[in-house]
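Please look through the structure below and follow its chain from one end to the other before reading on. The paragraphs after it take up the domains, the place where they touch, and the cores inside them.

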Amino acid sequence: MLASLAWRNIWRQPVRSILSLIGLAFTSLLLVFMLSFQLGTYDTMKVGALGLFDGFGQFQPEGYDDDPDISRLLPDWKALLGATEIEGISAAAPRASSFAIMAKDETSFGAAVIGVDPALEPAVSTLHSTIKEGRYLAPGDDATIVIGEGLARNLGLGIGDTVIMLGTGNDGAVAADVLELVGIFSTGISAVDRQITQMPLARFQETYNMGDTVNVVALRGLDFNDVVAAEADLRALAADNGSVYLRWDELQPELRQMITLDLSTAMMMYAIMVVVVVFILLNTLYMSVLERTREFGGLLAIGMRPRQIGAMVWLELIFLSLLGAAIGIAIGAGITLWVESVGIAYPDMDEIMRQWGMAGRVYPNLSLLSAVAGPGVIVFAIVVLGIIPYRHILGLEPVSAMGAA
Amino acid sequence: MPKITRRDMLALSAAAALLPSAAWAQDPTAILRGAFDNWKAESSHAVMEMTIRTATGTRNLEMESWTLGDDKALVRFTAPARDAGNATLQDGRRTYVFNPRLNQVIQLPASAMQQSWMGSDFSYDDLAKTETLITDYTHTLLQTKSSGGHRVYVIQSVPKRGVPVVWGAQVVSVRDDYVLLGQQFYDQNGKLVREMVTDRISTLAGRPYPVQLTMSSVDTPGQWTRIVTKSAEFDVSLPSYMFTRSNLQNPR
């Protein structure tokens, strides 16, 4: 009975109620879209930044993260490739890496050289898709190398040229090799394009005198969050094989820091938005309670208890906020889903975005969290603060209330 | 130009009077200079052995070295077969390496100078920048102590302002007959990073000489590099082609 009364009361003042609903719905819509967009951006950043080279997760020998020395080897890397049997993991690839001097004639530069399996690597990292000239490493390659365009420019190298590589092998002896440049990649991240080179793993192991061992196994999943969810299984597999598993934010802590910083500034903005909306709405509703004092006096006179009237008004508040939030979520989700299908491009921010591995468009990511969190907080705040009009009503006396202006 | 006032003169002469006369003989820069002269002389030719102990095993290398003045040095590895033929040439601040498998000379980029030299605890910078200890640092005599009938000078060397150096400070111990006893390397935070110790001193070509040196890093206990000088001759006349790139690649 109280509920139907409350519902009817809302529509006794249709204009005011609709205006309140629009305010609520619009705020909810904004919160849904902005949060979805923000979380979607983070996902794009993570996939871009980690997918380019590191992988969504990595198995490493203990201590390798602090001191990536070639002599730190995975005890049983072939068993770790079995991670692909864990749900959410689609690919795994072994790698060995070291520092080397790359030279052509008189010129030389230092660079990281990474031995990769040409058959497995393309399923884990997207570096192969940034090849600008020539081709990526292919199965069956022997003395070949791909380098970034910055290093190629510095060394004056073109496709087919010979690259001299000089490093220190696993045993400390000189590791020297002559390789043919087959591909030049351009990731847009200048540090990568200047300092990263890749060669076939088998040749690397031979040149660096490391037998059939590797330094890390990198992982990828079809969905980034599936890999995050598989963490416990991956850690268990690593522990079984005497190695450690590194999550995405252990591989790139600066990415997590950036996301945390960005999210906390955004949260402050959202909080301000919610507070403003909640108090404006509450003010309107409290005003309406005040001007209905005479009506409440009448209700008291015909025998309704103050508690019941208070509950009725509280229900009005709850209905109004739920309705507004629902409309906001519906429209917000609709807009978000639409943008999700087309994406948003930032034509002038390409350079900055490529630094974070975000080539092309950004897509929002609608989830239960992003849809419900913002509007939910508003509804919750209004419902809790509904105690203010409720308490006001408890204090009403029938006679004086009926005489109120 | 600042004028020297009467008061400055007074202050100066007072300071001079207070300084013990022996302090002039203990000029830390002169001591270091003496240690280097004892070590390398105007020119030198030596046969050495290098033992490298790492977590994975021990390697023994043999090498022959030639030095001229402060800034020219050539080191050629002669054994074992795996390493024989590799050579390093330092000419001023430029460092070249020769690898027989590549049959090519490569000038090291600045970014590679911190890399390990032949897998040892020495870096290319250690070879190329030995002399910068004298020129790029300011020296203070920390302590003078007696040991085994000798006086030992402990000198702290701090980089001069604006000089690009790797270390925050170095502490060098030199015996009064200019034998280098040890060298400690500290990082910018004043933490000891690695240490070189003279294990054995004997007479070599008529001079007291640190014939066995061991370098070790603090963060890799149990791992070290030891260099033993088997034989040496000093102030020899070396042919002018000795320190050229062509000689590095094709020894005459």
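**Two domains and their cores**

In this predicted model, the centres of domain 1 of chain A and domain 2 of chain A, taken over C-alpha atoms, are separated by 49 Å. The domain assignment gives domain 1 of chain A as two stretches, 2-49 + 255-402, while domain 2 of chain A covers 55-251.

Where the two domains meet, domain 1 of chain A contributes seven residues to the contact and domain 2 of chain A contributes five residues. On the side of domain 1 of chain A that touches domain 2 of chain A, the elements that give two or more residues are helix H2 (14-52), helix H10 (253-291) and helix H13 (350-355) of chain A. H2(A) provides the largest share of that side, with three residues. By character, the residues on this side of domain 1 of chain A divide into four charged, two nonpolar and one polar.

We can now turn to the interior. The largest nonpolar core has 98 residues, and those with the most contacts inside it are Ala92(A), Met102(A), Met165(A), Leu166(A) and Val217(A). This core draws at least three residues from each of domain 1 and domain 2 of chain A.

Which residues is Met102(A) in contact with, leaving aside its neighbours within four places in sequence? The contacts of Met102(A) beyond those neighbours are Ser108(A), Phe109(A), Ala111(A), Leu151(A), Leu155(A), Val163(A), Met165(A) and Thr197(A). Apart from the largest nonpolar core lies another core, of 32 residues, and among them are Leu21(A), Val32(A), Leu35(A) and Leu300(A).

Terms used: Residues are numbered from 1 along each chain as its sequence is written. Chains are lettered from A and ligands numbered from 1 in the order in which they are written. This is a predicted model: local features need pLDDT of at least 70, side-chain atom pairs count only at pLDDT 80 or more; totals for chains, interfaces and linings use all residues. Domain bounds come from an automatic or database domain assignment. Helices (H or I, at least four residues) and strands (E, at least two) are DSSP runs, numbered from the N terminus. Ala, Val, Leu, Ile, Met, Phe, Trp, Tyr, Cys and Pro count as nonpolar, Asp, Glu, Lys and Arg as charged, and the others, Gly among them, as polar. A nonpolar core is a set of buried Ala, Val, Leu, Ile, Met, Phe, Trp, Tyr and Cys residues joined through C-beta atoms within 7 Å. A residue is buried if 20 or more other C-beta atoms lie within 10 Å of its own, exposed if 12 or fewer, and partly exposed in between; C-beta atoms are placed from the backbone.
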